[in-house]
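Open the structure in your viewer and keep the sequence panel beside it. The tour goes from one selection to the next and says what is found at each stop.

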Amino acid sequence: MSVVPEQPDQSDPSLRLLWRHRTVAPEEPKTKRGPKQKVSVDEVVDAAIDLADAEGLAAVTMRAIAQRFGLGAMTLYSYVPNRDALLVLMADQVTGRTVLPDLPEDPRKRLELLARLQHDELRAHPWLLEVQDVRPWLGPNMSDRYEWQLQAVDGLGLTDLEMDQTVAVLMGFAGNIARSELMKRRAEKVTGMTEAEWWAANYDTLNEVMAGSHYPLANRVGTAAGETYQAATDPARELDYGLARIIDGVLAHVAERSPD
């Protein structure tokens, strides 16, 4: 008789932690032994969020968080199984801090609200842009957010799949603008100059190295943009313009299938 080997447990250890406040915990035995935990999981995650906000995601290590509570690094693993799980918890927990406003009646304003809320959240917590290879959307706060986002597009005349894709497009666009703003801030920090100062300092060199090159459209459009933006880019204008065009497209798509 052959013995079938047990399959390894591939369940995500962060899931139960994510939903720890919304599931019924098993009753603990009255004779439970061992030292009482000094801090809660929530406190650990909040400390990690504060550190990421202040110093960036790279500063968030299990050792750094443990030191904040006077714990050994290995002790922290009794709260959170690994750093990836901590990142998942951070993303979901910080999402829960944002109060979701009531949705406007105007469909255009509803769609715009979705993107602007996402954009503002990413500006406040730019490290969220760097959280990769994790699944924070499976948490309770992310689930609440997704339900709210779907309510904003429900009733427009989209199919269920189109509702999901519309939310994805709006979130992706808002994220790209927030990422552009982050890169702009980092460049200013590294160079010690604003974009306008950098272009002014390098104007003569650029004219020299690009002498003889023929870029009529780039020169015309770049000049118009530079005079208006006083910089190479203007993410705020890109957000306004892009949102308007995306929403125009969604509403036009709905109108095309509506009966006359």
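In what follows, an axis is a line fitted to C-alpha atoms, for helices over the stretch in contact, and an angle between two axes runs from 0 to 180 degrees between their N-to-C directions. The model is a predicted one.

**Whole chain**

Start with the whole protein chain selected. The chain has 11 helices and 0 strands, and along the sequence its pattern reads α-α-α-α-α-α-α-α-α-α-α. Colour by accessibility: of the 260 residues in the chain, 32% are buried. Contacts can also be sorted by sequence separation. Taking those between residues at least 6 apart in sequence, 74% join residues at least 24 apart.

**Residues 61-80**

Select residues 61-80 next. UniProt lists this span as "DNA-binding region", in an unreviewed entry. In the model the span is 55% helix and 0% strand, and its end C-alpha atoms are 12 Å apart.

**H5 against H7**

Now select helix H5, residues 83-95, together with helix H7, residues 140-153. At what angle do H5 and H7 pack? The angle is about 50°, and the axes are 7 Å apart. Angles that are neither under 35 degrees, nor over 145, nor from 65 to 115 count as oblique, and H5 and H7 are therefore oblique to each other. The crossing in which H5 passes H7 is left-handed. Show side chains for the contact: H5 supplies Ala91, Asp92, Gln93 and Thr95, while H7 supplies Pro140, Asn141, Met142 and Arg145. By class, the residues of this contact are 3 nonpolar, 3 polar and 2 charged.

**Threonine 95**

Stay on H5 and pick threonine 95, which belongs to that helix. Is threonine 95 buried or exposed? Its relative accessible area is 3%, so threonine 95 is buried, the cut-off for buried being under 20%. Leaving aside residues up to four places away in sequence, threonine 95 touches Glu121, Asn141, Met142 and Arg145.

**H6 against H7**

Keep H7 selected and add helix H6, residues 107-124. The axes of H6 and H7 cross at roughly 150° and come within 8 Å. Over 145 degrees counts as roughly antiparallel, and H6 and H7 are therefore roughly antiparallel to each other. Their crossing is left-handed. On the H6 side, the contact is made by Arg110, Leu111, Leu113, Leu114, Leu117, Gln118 and Glu121. On the H7 side, Arg145, Trp148, Gln149, Gln151, Ala152 and Val153 take part. The contact of H6 with H7 holds 7 nonpolar, 3 polar and 3 charged residues.

**Leucine 113**

Centre the view on leucine 113, in H6. Its relative accessibility is 22%, so leucine 113 counts as partly exposed. Which residues does leucine 113 touch, not counting those up to four places away in sequence? They are Pro101, Asp102, Leu103, Pro104 and Trp148. For a distance to draw, join the C-alpha atoms of leucine 113 and alanine 152: these residues are 39 apart in sequence and 8.9 Å apart in space.

**H7 against H8**

For the last stop, hide H6 and show helix H8, residues 160-191, with H7. These two helices pack at an angle of about 110°, and their axes are 9 Å apart. That makes H7 roughly perpendicular to H8, since angles of 65 to 115 degrees are counted that way. Tyr146, Gln149, Leu150 and Val153 of H7 meet Met163, Asp164, Thr166, Val167 and Met171 of H8. Sorted by class, the residues of this contact are 6 nonpolar, 2 polar and 1 charged.

Conventions:
Residues numbered from 1 in each chain as written. Predicted model: local features only at pLDDT ≥ 70, side-chain atom pairs only at ≥ 80, totals over all residues. Heavy atoms only, no water. Helix = DSSP H or I, 4+ residues; strand = E, 2+ residues; numbered from the N terminus. Left-handed = near helix turned anticlockwise from the far one by under 90°. Contact = heavy atoms within 4.5 Å. Nonpolar A, V, L, I, M, F, W, Y, C, P; charged D, E, K, R; others polar. Buried < 20%, exposed > 50% of the residue type's maximum accessible area, 1.4 Å probe, protein only. UniProt positions renumbered as here; feature names shortened; annotations may be inferred.
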